[in-house]
Amino acid sequence: MNNDANRLIVQEVAPRDGLQIEPVWVPTEDKIALVDGLSQAGFTRIEAGSFVSPKAIPALRDGDEVFRRIVRKDGVTYVALIPNLKGAERALLAGADELNMVMSASQTHNRANMRMSCEASLAGFSDIVALGRRPGVDVSLNATIATAFGCPFEGRVDEDRVLAIVDAYLRLGVDGITLADTTGMANPRQVARLVRRVLAVLPAAALTLHFHNTRGLGLVNVVAAYEVGARRFDAALGGLGGCPFAPGASGNICTEDLVNLCDETGIETGIDLPQLLALSRKLPALLGHEVPGQLAKAGRNCDLHPIPAALHAAA
């Protein structure tokens, strides 16, 4: 068995998607420490921040400083979410390795999230791709399809529409595509069906799946996608996150819960789970509230408890 071909790649998104809706300001130093800790835990991809308007997402207004001051580790791709050409220019100046553009499959959600039609978003992406392909510019380009599995305003999203957007992205010349279940509306059978169709036109190395656990199906959907050939998945430490423009969209799938699932079922990730748990257990103090992840609370299966004293006494 080729372990590399079966390895599950986790892209950590807590520094961006996880922190974007937190009501408390996370100091820049703490953001940098979080990214640096994740770099040391074995991740090969980290979405370290975004370059959106500070008015739209004030929690991430220090993206430039974060990208400039993190300790870069060889072999780690540091990804930036960018909404437009201006954001792309800022991200390149700050040293982002990859730019992630986002457009919704749903017109209504795209207008709520990006303040423009899908057609206008695609037109803007052309300018960003042109920037990324200029001589001397060394950056990867990823394009996300938000609400790919369902929209909180429009409901079901036609799979043919998603495939049409995949085709449009490929014609633009992007390097990778993300299918995002922005509000946790996906189910395993739907996921397997759509991922099979996308993998018919896109190699697994260029596809990322982004699931939310809004309705408790996040990890089940990962398994469904993995079993039909997907190999790269977004996840957030502690299960943080959620889209500010999607009603009811609770957190992303939890990174340590996902890595534990892989460890328990023999799927290689290359991520140090004890280090991950140590990072996750710092989040409640950092954010001022408990986080959704389960493993940090329950511990791993191998973390056994002492035999109750009463049993010793009875013996």
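1. Start with threonine 147. Threonine 147 sits in the loop between β5 (140-146) and α8. The model is predicted, so read each point below as a description of that model. Phi of threonine 147 is near 50°. That is a positive value, and the residue is not a glycine. Is threonine 147 buried or exposed? Its relative accessibility is 0%, so threonine 147 counts as buried. The cut-off for buried is under 20%.

2. Now take arginine 115. Arginine 115 lies in the loop between α6 (107-114) and α7. Its phi is positive as well, about 60°, although arginine 115 is not a glycine. What about accessibility? Arginine 115 has 60% relative accessibility, so it counts as exposed. The cut-off for exposed is over 50%. Set the two loop residues side by side: threonine 147 counts as buried, whereas arginine 115 counts as exposed.

3. Next, glycine 266. The loop between α11 (255-265) and α12 (273-280) holds glycine 266. With 68% relative accessibility, glycine 266 counts as exposed. How far apart in space are glycine 266 and lysine 282? From C-alpha to C-alpha the distance is 27 Å. In sequence, glycine 266 and lysine 282 are 16 residues apart.

4. Turn to the helix pairs. Two packed helices are described by the angle between their axes and by the distance between those axes. Begin with helix α7 (residues 118-132) and helix α8 (residues 159-172). These two pack at an angle of about 25°, and their axes are 10 Å apart. Why is α7 called roughly parallel to α8? Angles under 35 degrees count as roughly parallel, so α7 is roughly parallel to α8. The crossing of α7 past α8 is right-handed.

5. Look at the residues in that contact. From α7 come Cys118, Leu122, Phe125, Ser126 and Val129. They meet Arg161, Ala168, Tyr169 and Leu172 of α8. By class, the contact of α7 with α8 has seven nonpolar residues, one polar and one charged.

6. Helix α7 also packs with helix α5 (residues 85-94). The angle is about 25° and the axes are 9 Å apart. The helices α5 and α7 are therefore roughly parallel to each other. Is the crossing left-handed or right-handed? The helix α5 passes α7 in a right-handed crossing.

7. Which residues make the contact of α5 with α7? On the α5 side they are Leu85, Ala88, Glu89 and Leu92. On the α7 side they are Asp127, Ile128 and Leu131. Five of these residues are nonpolar, none is polar and two are charged.

8. Step back to the whole chain. How many helices and strands does the chain have? The chain has 15 helices and eight strands. Its radius of gyration is 19 Å, and the globule rule gives 20 Å for 315 residues. The two values are close, so the chain is as compact as a globular protein of that length. The C-alpha trace spans about 75 × 40 × 40 Å along its principal axes.

9. Last, burial and contacts. Of the 315 residues, 53% count as buried. Threonine 147 counts as buried too, with its 0% relative accessibility. Take the contacts in the chain with a separation of 6 or more. Residues 24 or more positions apart account for 73% of them.

Note on methods. Residues are numbered from 1 along each chain as its sequence is written. This is a predicted model: local features need pLDDT of at least 70, side-chain atom pairs count only at pLDDT 80 or more; totals for chains, interfaces and linings use all residues. Side-chain values use heavy atoms; hydrogens and water are left out. Axes are lines fitted to C-alpha atoms, for helices over the stretch in contact, and angles run from 0 to 180 degrees between N-to-C directions. Helices (H or I, at least four residues) and strands (E, at least two) are DSSP runs, numbered from the N terminus. Angles under 35 degrees count as roughly parallel, over 145 as roughly antiparallel, 65 to 115 as roughly perpendicular and the rest as oblique. A crossing is left-handed if the near helix is turned anticlockwise from the far one by less than a right angle, and right-handed if clockwise. Contact means heavy atoms within 4.5 Å. Ala, Val, Leu, Ile, Met, Phe, Trp, Tyr, Cys and Pro count as nonpolar, Asp, Glu, Lys and Arg as charged, and the others, Gly among them, as polar. The radius of gyration is taken over C-alpha atoms; the globule rule is 2.2 Å times the number of residues to the power 0.38. Buried means under 20% relative accessible area, exposed over 50%, partly exposed in between (1.4 Å probe, protein chains only).
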